[in-house]
Amino acid sequence: MAREIGIGDQVAITARVRRRITEDRVSVSITGYDFPHSIIDHTKVNRGQQIELRGEVTRIAEDTVTSRP
């Protein structure tokens, strides 16, 4: 049975690596968003690879959830 998301809950989304920007930063594409995001990467992922982004919920609006790593 599913439960509602609350402040402090751990959440995760899947992103796909678009390209490497610098030695420690990659551009990722997140399904449902219309623009790329840049994240720090210490694992040396490759283009096209899927990665999991995890964080803690810090804010909930009517139709969006905001989290921090």
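A salt bridge here is a side-chain nitrogen of Lys or Arg within 4 Å of a carboxyl oxygen of Asp or Glu. Keep that cut-off in mind, because Glu52 and Arg54 fall inside it: their side chains meet in a salt bridge at 3.3 Å, N to O. Arg54 is exposed, with a relative accessible area of 62%. Before going further, bear in mind that what you're looking at is a predicted model.

Let's step back to the overall layout. There are zero helices and five strands in this protein, so to speak a plain β-β-β-β-β pattern when you read along the sequence. The chain has 69 residues, and 20% of them count as buried. About 5700 Å² is exposed, with carbon and sulfur atoms supplying 48% of that area. As for how the chain folds back on itself, take the contacts between residues at least 6 apart in sequence: 42% of those join residues at least 24 apart.

Now head for the inside. Which residues make up the largest nonpolar core? It has eight: Ala15, Val17, Val26, Val28, Ile30, Ile39, Val45 and Ile51. Two elements give two or more residues to this core, namely strand 1 (10-22) and strand 2 (25-30). Strand 2 provides the largest share, with three residues. Ile51 is a handy place to look around from. Setting aside residues up to four places away in sequence, Ile51 touches Ile13, Thr14, Ala15, Val17, Val28, Ile39 and Val45. Several of those names, including Ala15, Val17 and Val28, are core members too.

Strand 2 also carries Ser27, which is buried at a relative accessible area of 4%. Beyond its neighbours within four places in sequence, Ser27 is in contact with Arg16, Val17, Arg18, Arg19, Ile21, Pro36, His37 and Ser38. Among these partners, Val17 is a residue of the largest nonpolar core.

Next, the loop between strand 3 (37-40) and strand 4 (50-60). It deserves a slow look, and Asp41 is a good way in: this residue lies in that loop. Is Asp41 buried or exposed? It's buried, with a relative accessible area of 6%. Its side chain makes a polar contact with the side chain of Arg20 at 2.7 Å, and the pair also meets as a salt bridge, again 2.7 Å from N to O. Asp41 sits in the loop between strand 3 and strand 4 while Arg20 sits in strand 1, so the pair ties together parts that are 21 residues apart in sequence. In general, side chains of opposite charge can pair when their charged atoms come close. Unlike buried Asp41, Arg20 counts as partly exposed, at 32% relative accessibility. With this one and the Glu52 and Arg54 pair, the count comes to two salt bridges.

Asp41 has other company as well. Its side chain reaches the backbone nitrogen of Val45 at 3.2 Å, and Val45 is itself one of the core residues. Leaving out neighbours within four places in sequence, Asp41 is in contact with Arg20, Glu23, Asp24, Arg25 and Val26.

Stay in the loop for two more residues. Lys44 is found there, and its phi is near 65°, a positive value in a residue other than glycine. Lys44 counts as partly exposed at 44% relative accessibility. Gly48 is in the loop between strand 3 and strand 4 too, and is partly exposed, with a relative accessible area of 31%. What does Gly48 touch, residues up to four places away in sequence not counted? Arg16 and Val17. The C-alpha atoms of Gly48 and Arg16 are separated by 5.8 Å, though their positions lie 32 residues apart along the chain as a sequence separation.

Finish along strand 4. Gly55 has its place there and counts as buried at 4% relative accessibility. C-alpha to C-alpha, Gly55 is 8.3 Å from Asp9, and the two are 46 residues apart in sequence. Ile60 lies in strand 4 (residues 50-60) as well, but at 40% relative accessibility it counts as partly exposed. Together with Ile5 and Ile7, Ile60 makes a nonpolar surface patch of about 280 Å².

Definitions and conventions: Residues numbered from 1 in each chain as written. Predicted model: local features only at pLDDT ≥ 70, side-chain atom pairs only at ≥ 80, totals over all residues. Heavy atoms only, no water. Patch = residues over 30% accessible without salt bridge, like charges linked within 9 Å, V, L, I, M, F, W, Y side chains within 5 Å. Areas by Shrake-Rupley, 256 points an atom, 1.4 Å probe, with all protein chains shown as cover. Helix = DSSP H or I, 4+ residues; strand = E, 2+ residues; numbered from the N terminus. Buried < 20%, exposed > 50% of the residue type's maximum accessible area, 1.4 Å probe, protein only. Contact = heavy atoms within 4.5 Å. Core = buried A, V, L, I, M, F, W, Y, C linked by side-chain atoms within 4.5 Å. Polar contact = N/O pair within 3.5 Å; in protein donor to acceptor, adjacent residues only side chain to side chain.
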